[in-house]
Amino acid sequence: MATLPNPLPGLAADPTGRSLGLERPLPPGRSIDTTNEGPWHEPLLWYADEPAEPGAWTAAQPARRTAGLLPVLLDVGDGRGGPEEWELMPGEMSYPGDHDPEEVLADLWDTVAPTGDTAGDAAGAEDWPGLTETAGPDDGGPDPDALAAEVADALLAGRTRLKEPRLALVPARRSADIPAAIGWGGPLNHESDVARLCAVLRSWEDRFGIRVVALGFDHLTVSVATPPTTETEAGHLAAEHVAFCPDTIRQTPPDRYAQTLLGADTWTFWWD
């Protein structure tokens, strides 16, 4: 996968992160280079040793502009340990920009073989119905990065399934690339090259203003600045979610799942 210059080694000399342009020092933490095949040639991410509190995401946001480090919350309390125990696979990731999101979703759609009672009208179509049409984020809606900070604070305040969230920093071109940048294997039983799913996340960034806010061993939460506002749009988007993460859809009655997307500022996915 194509990468940017990695500023994480600099945290060894400056663990406070002041050199990254942060006004508030980073908490004690560690850089991780552990993969399923041994140490990676450079750190994949940094994450804090202590649970994150509201405000941690906002305090770390300047590192995006000054160093190309993007914040994300990592759940290390779900019985799977921290990222050093997740068997990260950066060497097996391609580059998200090399994939067409609609082709990825159409391909995955065929593999999950949805039926008419899967999740809404479009989601139950026999053939791939295509991408959801949307106006995309505009000046009248919330700023996607500001909303991501609000969602992170809400997650850290306990309104979440996250058991022990830690602040992490990842060198990545854009938020949608974070899972592939660290070689995350959460969806391994559904898609082995997570960069393909990141291509879909990039498309959702463009159309719905999403940001990757939290990752666990097998689950993902994104903030959504411009969610669907009509039942037709929500039902069509449900088809994309079926292809992206069929395990999530199967836990919710079909007619109810599309309804949960209306006006929702977060989407959560988990893979079995």
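A residue is taken as buried when its relative accessible area is under 20%. In this predicted model, Phe 269 has a relative accessible area of 0% and is therefore buried. Phe 244, with a relative accessible area of 1%, is likewise buried.

Aromatic contacts were examined across the whole structure, and the search returned nine aromatic pairs. One of them joins Phe 208 and Trp 267 in an edge-to-face arrangement, with 5.5 Å centre to centre and 65° between the planes. Because Phe 208 belongs to helix α7 (residues 194-208) and Trp 267 to strand β9 (residues 266-270), this pair ties together parts that are 59 residues apart in sequence. Phe 208 and Trp 267 are both buried. Phe 244 and Phe 269 also form an edge-to-face pair, at 4.9 Å centre to centre and 65° between the planes. Here Phe 244 lies in helix α8 (residues 231-244) and Phe 269 in strand β9, so the pair links parts 25 residues apart in sequence. Ring pairs further connect Trp 184, Trp 204, Phe 208, Phe 244, Trp 267, Phe 269 and Trp 271 into a cluster.

The two helices that carry Phe 208 and Phe 244 also contact each other. The axes of α7 and α8 come within 11 Å and cross at roughly 160°. Since angles over 145 degrees count as roughly antiparallel, α7 and α8 are roughly antiparallel to each other. Their crossing is left-handed. On the α7 side, the contact is made by Leu 197, Val 200, Leu 201, Trp 204, Arg 207 and Phe 208, while α8 contributes Glu 233, Leu 237, Glu 240, His 241 and Phe 244. By class, the contact of α7 with α8 comprises seven nonpolar, one polar and three charged residues.

Definitions and conventions: Residues are numbered from 1 along each chain as its sequence is written. This is a predicted model: local features need pLDDT of at least 70, side-chain atom pairs count only at pLDDT 80 or more; totals for chains, interfaces and linings use all residues. Side-chain values use heavy atoms; hydrogens and water are left out. Rings of Phe, Tyr and Trp (its six-membered ring) pair if their centres lie within 6.5 Å; planes under 30 degrees apart count as stacked, over 60 as edge-to-face and the rest as tilted. Helices (H or I, at least four residues) and strands (E, at least two) are DSSP runs, numbered from the N terminus. Buried means under 20% relative accessible area, exposed over 50%, partly exposed in between (1.4 Å probe, protein chains only). Axes are lines fitted to C-alpha atoms, for helices over the stretch in contact, and angles run from 0 to 180 degrees between N-to-C directions. Angles under 35 degrees count as roughly parallel, over 145 as roughly antiparallel, 65 to 115 as roughly perpendicular and the rest as oblique. A crossing is left-handed if the near helix is turned anticlockwise from the far one by less than a right angle, and right-handed if clockwise. Contact means heavy atoms within 4.5 Å. Ala, Val, Leu, Ile, Met, Phe, Trp, Tyr, Cys and Pro count as nonpolar, Asp, Glu, Lys and Arg as charged, and the others, Gly among them, as polar.
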